[in-house]
Amino acid sequence: MSKGKERPPEPLDFFIWTVEDVGLSLEEINLGNYRQIFKENGVNGEYLESMSMFTTEQILRFIRKCHMKWGDFIILCKELRRIKVACLKGEQKVRRPWWAPRCLSVVFVKAAKCNRQSRVVSLKLEP
């Protein structure tokens with residue numbers, strides 16, 4: 001897929017984003033200059049999800065490894081939190097994946113919403 005045709009990943013699916021999805025998301029929030037270094041370090045959605053439980057030492061290590069500015073790290077964290085909160089509030093749509101039969105659309109969407117909300121709740125969002 002050419003760079004001009006890349007679509008940003010579904011926000012609520014950030015738990016399962018690939019390294020490429022993370023790169024596209026970085027472009028969306030004007031942090032595209034970190035795309036290559038994140039790719040080189042294998043930063044995927046699972047890694048981003050685990051960042052909410054990082055210790056201060058782990059955060060500092062991540063920032064050094066990715067050569068991030070503090071302000072940019074904070075922008076990334078705010079965006080991840082925004083996505084999690086939107087999920088909790090049910091503000092974002094859940095789409096039927098291409099492989100799911102049309103007749104199961106309603107069932108799939110209900111199950112996906114429930115699963116995403118419980119997943120986000122389990123992340124112990126802090127005020």
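Trainee: Which residue's side chain meets that of Arg82 in a salt bridge?

Mentor: Keep in mind that this is a predicted model: local features need pLDDT of at least 70, side-chain atom pairs count only at pLDDT 80 or more, and totals for chains, interfaces and linings use all residues. Residues are numbered from 1 along each chain as its sequence is written, and side-chain values use heavy atoms, with hydrogens and water left out. A salt bridge needs a side-chain nitrogen of Lys or Arg within 4 Å of a carboxyl oxygen of Asp or Glu. With N and O 2.7 Å apart, the partner of Arg82 is Glu79.

Trainee: In which helix do Arg82 and Glu79 both lie?

Mentor: Helices here are DSSP runs (H or I, at least four residues), numbered from the N terminus. The two residues are 3 apart, about one turn of the helix. That helix spans residues 70-89, and its name is helix 5.

Trainee: Is Glu79 buried or exposed?

Mentor: We sort residues by relative accessible area: buried is under 20%, exposed is over 50%, and partly exposed is in between (1.4 Å probe, protein chains only). Its partner Arg82 has 44%, so Arg82 is partly exposed. Glu79 has 17%, so Glu79 counts as buried.

Trainee: How many salt bridges does the structure hold?

Mentor: As background, side chains of opposite charge can pair when their charged atoms come close. Besides the pair in helix 5, Arg61 forms a salt bridge with Glu57 at 2.8 Å, and Arg35 meets Glu27 at 3.6 Å, N to O. The structure's count of salt bridges is 3.

Trainee: How many residues apart are Arg61 and Glu57?

Mentor: Both sit in helix 4, residues 56-65. Arg61 is partly exposed at 43%, while Glu57 is exposed at 54%. Their spacing is about one turn of the helix, and the number of residues is 4.

Trainee: Within what arc do the buried residues of helix 4 fall?

Mentor: The buried residues in this helix are Ile59, Phe62 and Ile63. The arc is taken from the directions from the helix axis to the C-beta atoms. Seen down the axis, these residues line one face of helix 4, because their arc is 95°.

Trainee: Which exposed residues does the face of helix 4 turned away from its buried side carry?

Mentor: One of them we have already met in a salt bridge with Arg61. On the face turned away from the buried side, the exposed residues are Glu57 and Arg64.

Trainee: Which helix gives the largest share of the largest nonpolar core?

Mentor: A nonpolar core is a set of buried Ala, Val, Leu, Ile, Met, Phe, Trp, Tyr and Cys residues joined through side-chain atoms within 4.5 Å. This one has 23 residues, of which Phe38, Leu48, Phe62, Met68 and Leu76 touch the most other members. Helix 1 (19-28), helix 2 (35-40), helix 4 and helix 5 each supply at least two residues. The largest share, 4 residues, comes from helix 5.

Trainee: Which residues is Leu76 in contact with, leaving aside its neighbours within four places in sequence?

Mentor: Contact means heavy atoms within 4.5 Å. Leu76 is among the core members that touch the most others. Its contacts are Leu26, Ile29, Leu31, Phe38, Leu48, Met51 and Met68.

Trainee: How many disulfides does the structure hold?

Mentor: A disulfide is a pair of cysteine sulfur atoms within 2.5 Å. Cys66 is buried because its relative accessibility is 1%, and Cys77 is partly exposed at 31%. The number of disulfides is 0.
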